[in-house]
Amino acid sequence: MRKILIAAAAAGAVALAGCSSGGGVNLNGSGSGSASAGGSGAANAGGSLTAAISAEPDQLDPNKTSSYASFEVLENVYDTLVQPDAKGQMQPDLATSWKTSSDQLTWTFAMRDGVKFSDGTPLNAKNVVYTFDRIIKGKLSPSWRFASVSSVTAPDDKTVQIKVKTPTPNLLTLIGGFKGLGIVEEKNVTDNKIGRSPVGSGPFVVSEWVSGDHITLKPNANYWGPKPKLASVTYRFISDGNTAITALKNGEIQWTDVIPPQQVKGLESNSAVKTAVVPSNDYQYLTMNQKRAPFNNVAVRQAIAWAIDRQAIVQATTYGTGTPNQLAIPKQSQWYTEYNKYSKNEDKAKQLFAQAGYKGGTINFMATSDYPETVTTAQIIASALQPYGINVKIKTVDFATFLSDQGAGNWDMYMMSWIGNIDPAEYYFSQQRTDQAFNFQHYSNAEVDKLLDAGAIETDQAKRKEDYAKAATIVADEASYIYLYNPAVIQAWSPKLTGYEARSDKAIRFGSASISQ
């Protein structure tokens with residue numbers, strides 16, 4: 001959950017950057033996204049599903065929560081104006097089409113006909129304006145996503161118009177790539193019931209919440225799309241991976257993502273369990289404080305990049321489920337850039353340390369007990385740097401202290417993750433542009449700044465990809481971040497569960513699933 005809090009805050013600095021074609025899309029009435037589409041066969045004849053998640057949601061107000069456990073539930077309860085498909089491409093949801101003005105400063109969305117909230121109240125453009133205004137004026141968790149927005153209006157019940165201050169090619173991702181932008185009902189908010197009894201327009205509705213035990217969803221009878229096949233979805237809160245796996249094997253649950261990576265091979269060989277290991281959109285990285293010597297010397301940072309063994313780190317922290325990557329963006333993304341400069345090479349490392357005039361010393365590595373992979377990585381790096389006369393002292397703190405010291409600059413080196421990324425700006429802008437809030441390492445390169453600024457407003461997709469690829473390459477060349485790997489999304493379920501797929505963006509969608517009894 002805490003990693004989600006980092007991602008939600010960290011992504012905030014990229015609000016002016018972007019991703020979308022900037023053109024018009026019209027898929028109204030086609031495929032499963034059509035308002036007239038209906039489910040096949042008898043409604044709710046697909047059995048009841050019990051799923052285990054690692055924590056209990058803190059609340060179910062999509063505009064306020066930052067908890068991943070909450071979004072595992074809310075993914076099935078709320079709709080957004082647009083939403084990502086399994087490949088991260090933005091598709092119609094409550095909006096069936098959109099277009100941009102010639103100056104790229106006005107976006108116009110056509111709303112889907114006949115949509116109702118789960119309580120039967122009509123959902124129209126005014127609800128979108130209410131939701132977005134609530135987020136912006138209340139400075140709620142996703143408010144950073146509207147940093148380039150000057151106004152959100154509803155010229156009529158079927159039209160939403162968003163005006164931006166500068167071209168914002170990633171506006172679709174900003175308003176649809178995160179369920180925190182779920183469209184809410186005003187009465188549900190003003191009645192102060194949204195936190196426990198949310199009223200959405202998605203395929204399911206919350207029917208029961210027993211604190212400390214479970215949340216149960218039932219099909220939304222007023223859902224505009226294909227009716228869910230499942231009669232119910234019950235989320236149990238199980239924090240221990242071994243307990244969750246035992247429950248899965250025993251048939252007490254039929255789906256879980258509470259899986260220690262060391263258990264994956266055993267699950268994959270078990271015919272009674274279906275296991276998915278999917279490369280995620282997240283990344284793990286190592287960074288150094290450039291406000292402190294010797295890390296203000298690029299040669300020292302590069303030497304460390306040559307001294308470490310990424311594969312050893314991946315194996316030790318993910319048991320081989322992660323994918324080594326020397327840039328942030330994973331291979332499955334349309335924004336992926338090939339880059340393989342570094343590999344463990346003692347001669348290169350020695351040469352660069354000598355070039356920097358660095359003969360060794362003590363480095364403090366900040367790790368956190370809340371994320372054991374940071375401690376394991378610290379131990380591996382300590383061993384790797386020892387031959388160069390470098391003594392790595394590992395300081396292990398709780399996560400709250402980690403965040404405090406990170407912001408205050410009380411560290412030499414640390415390893416951490418960024419999660420929930422789709423657009424290239426989310427991978428690089430706030431972390432690598434000069435003086436951005438999450439550039440804790442104090443990296444500054446005028447050419448990188450120029451490229452990131454250009455990518456923020458570039459509407460030509462090919463040119464935009466080129467801008468970010470150049471920026472990312474410079475960042476890696478200069479070892480501002482030493483990118484390590486993209487972790488995997490690991491899930492397992494009963495073979496009786498069909499119509500479900502594990503996704504790189506971790507969106508847990510059961511709308512089309514069914515389970516044989």
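How many Å should the 13 residues of helix 3 span at 1.5 Å a residue, and how far apart are its end C-alpha atoms? The expected span is 18 Å, and the end C-alpha atoms are 18 Å apart, which agrees. (The expected span here is 1.5 Å times one less than the number of residues in the helix.) The structure is a predicted model, in which local features need pLDDT of at least 70, side-chain atom pairs count only at pLDDT 80 or more, and totals for chains, interfaces and linings use all residues. Residues are numbered from 1 along each chain as its sequence is written, and side-chain values use heavy atoms, with hydrogens and water left out.

Taken as a whole, the protein chain comes to 15 helices and 22 strands; helices (H or I, at least four residues) and strands (E, at least two) are DSSP runs numbered from the N terminus. A compact globule of 517 residues would have a radius of gyration near 24 Å, and the protein chain has 24 Å, which agrees. (That radius is taken over C-alpha atoms, and the globule rule is 2.2 Å times the number of residues to the power 0.38.) Along the principal axes, the C-alpha atoms fill a box of roughly 70 × 60 × 35 Å. Some 57% of the 517 residues count as buried, where buried means under 20% relative accessible area, exposed over 50% and partly exposed in between, with a 1.4 Å probe and protein chains only. Contacts (heavy atoms within 4.5 Å) often reach a long way along the sequence: among those between residues at least 6 apart, 71% join residues at least 24 apart.

Back to helix 3. Its buried residues are Ala125, Asn127, Val128, Val129, Thr131, Phe132, Arg134 and Ile135, and they pack against strand 6 (106-111), strand 7, strand 8 (159-164), helix 4 (171-176) and helix 5 (186-190). At the N-terminal end, Asn124 acts as the cap, with a side-chain oxygen 2.9 Å from the backbone nitrogen of Lys126. After the helix comes Lys139, in the loop between helix 3 (125-137) and strand 7 (149-156). Lys139 has a positive phi of about 50° although it is not a glycine, and it is exposed, with a relative accessible area of 70%. A similar note goes to Asp435, a non-glycine with a positive phi of about 65° in the loop between helix 13 (424-432) and helix 14 (446-457); Asp435 is exposed too, at 72% relative accessible area.

Now for the sheets, with strands counted as paired if DSSP finds at least two bridges between them. One open sheet has 7 strands in the order 9-10-11-2-12-20-13, with mixed pairing. Strand 9 (204-210) and strand 13 (274-279) are at its edges with a single partner strand each, so one side of each lacks a neighbour in the sheet. Strand 9 and strand 10 make a hairpin with 3 residues between them, and Gly212 in the turn has a positive phi of about 80°. These two strands run antiparallel and are joined by 6 bridges, with Glu208 opposite Thr216 in strand 10. Strand 10 also runs antiparallel to strand 11 (residues 232-237), through 4 bridges, and His214 stands opposite Arg236 there. Of the 6 residues of strand 10 (residues 214-219), 5 are buried, so the strand is largely enclosed by the rest of the structure. Further along, strand 2 (residues 48-53) and strand 12 (residues 255-256) are parallel and share 2 bridges, placing Ala52 opposite Thr256.

Gln491, in strand 20 (residues 488-493), counts as buried at 2% relative accessibility. Its side chain makes a polar contact of 2.6 Å with that of Tyr500; a polar contact is a pair of N or O atoms within 3.5 Å, and within protein one must be able to donate a hydrogen and the other to accept it, while residues adjacent in sequence count only if both atoms are side-chain atoms. Leaving out residues up to four places away in sequence, Gln491 touches several others, including Trp255, Thr256, Lys274 and Ile508.

A second open sheet has 6 strands in the order 15-19-14-18-16-17, again with mixed pairing. Strand 15 (323-324) and strand 17 (390-397) are its edges, each with a single partner strand, so one side of each has no neighbour in the sheet. Strand 16 (residues 361-368) and strand 18 (residues 413-418) run parallel, joined by 2 bridges, and Met366 faces Tyr414.
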